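New to this one? Take a moment to look it over, and then we'll walk through some of the details together.

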Amino acid sequence: LNDEVDGLQKQSDVLKNELERKASRMDFLRKMVESNEGYSEGSRFLLGSDEWIRKNLATVADLVQAGEQYRTAIEAALGDSAHMLVVRDVKDGYAALDELRRLDKGKATFICLEWVPRIVRRNSRRGRSKGLHCVWAPDVVQCEPEYRPLIDFLLRDVAIVDTLDDVAGTVSKLAGARCVTLDGQLVSTTGTIRVKAEFDNEGNR
């Protein structure tokens, strides 16, 4: 009986984790729509096309999953990249562009997986952050293995810190890094700061 209870508990934990991942994705997309930062006409057309649905066309936002604690930080770190359409090869990218042009459906921005540079996930990344109160963004994002090089490329050198109070010490010791707070404020080593606007349930600032 105890073994059966343990088995059911494990199944329950798996389902809870899956539910949180789905909720994370839905919340991410909902916020983009509410903030009028949604997809271009061309992107909406392709994402609603049966042909491209069969080809598993997706946005970067569709591909990333993060726990609730880091969700806002990851959204801020991705920025406009979240809306880019991901295609597997150049052939699909050109085909999509030709279709948009032929049907006069506007523009879209694509990322081709076969052209994404491979970022070596070195142990030195953890070494650089030793003694600092931060985590590296790629380490808290889950995705399918085929998309890992893309996520590592987009979030390379992004360190997540708790608050702006933690930024100064972190930035000064991580040359070339970007710091993002848990509430979505992005700070680079060049001194630029981007604050993420908050929206209520009605989509108002």
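## A first look around

The protein exposes about 12500 Å², with carbon and sulfur atoms supplying 50% of that area. Keep in mind that what you see is a predicted model. Its secondary structure comes to 9 helices and 10 strands. Of the 205 residues, 41% count as buried. As for who touches whom, take the contacts with a separation of 6 or more: residues 24 or more positions apart account for 60% of them.

Let's start with helix α5, which covers residues 71-78. Here 8 of the 8 residues are buried, so the helix is largely enclosed by the rest of the structure. If you want to pick them out, they are R71, T72, A73, I74, E75, A76, A77 and L78. Just after α5 comes G79, with a positive phi of about 55°.

Helix α4 spans residues 60-63, and D62 is found in it. D62 has a relative accessible area of 18%, and because the cut-off for buried is under 20%, D62 counts as buried. A polar atom of the D62 side chain lies 2.9 Å from the backbone nitrogen of T59.

Now for the rings. How many aromatic pairs does a search of the whole structure find? The result is 0. Still, there are rings with a charged residue over the face, and here are two of them:

| Residue over the ring | Ring | Distance from the ring centre |
|---|---|---|
| K55 | W52 | 4.4 Å |
| R156 | F153 | 4.4 Å |

Last stop: the cysteines. A disulfide is a covalent bond between the sulfur atoms of two cysteines. The count of disulfides here comes to 0. Why is C134 without such a bond? The closest cysteine sulfur to that of C134 sits in C179, 6.6 Å away, which is too far for a bond. To count as a disulfide, the two sulfur atoms would have to be within 2.5 Å. Seen from the other side, C179 has its closest cysteine sulfur in C134, again at 6.6 Å and too far for a bond.

Are these two cysteines buried or exposed? C134 counts as buried, at 13% relative accessibility, and C179 is buried too, with a relative accessible area of 1%.

Key
Residues are numbered from 1 along each chain as its sequence is written. This is a predicted model: local features need pLDDT of at least 70, side-chain atom pairs count only at pLDDT 80 or more; totals for chains, interfaces and linings use all residues. Side-chain values use heavy atoms; hydrogens and water are left out. Buried means under 20% relative accessible area, exposed over 50%, partly exposed in between (1.4 Å probe, protein chains only). Helices (H or I, at least four residues) and strands (E, at least two) are DSSP runs, numbered from the N terminus. A polar contact is a pair of N or O atoms within 3.5 Å; within protein, one must be able to donate a hydrogen and the other to accept it, and residues adjacent in sequence count only if both atoms are side-chain atoms. Rings of Phe, Tyr and Trp (its six-membered ring) pair if their centres lie within 6.5 Å; planes under 30 degrees apart count as stacked, over 60 as edge-to-face and the rest as tilted. A charge sits over a ring if NZ of Lys or CZ of Arg is within 6 Å of the ring centre and within 35 degrees of the ring normal. Contact means heavy atoms within 4.5 Å. Accessible areas come from the Shrake-Rupley method with a 1.4 Å probe; for residues, only the protein chains shown count as cover.
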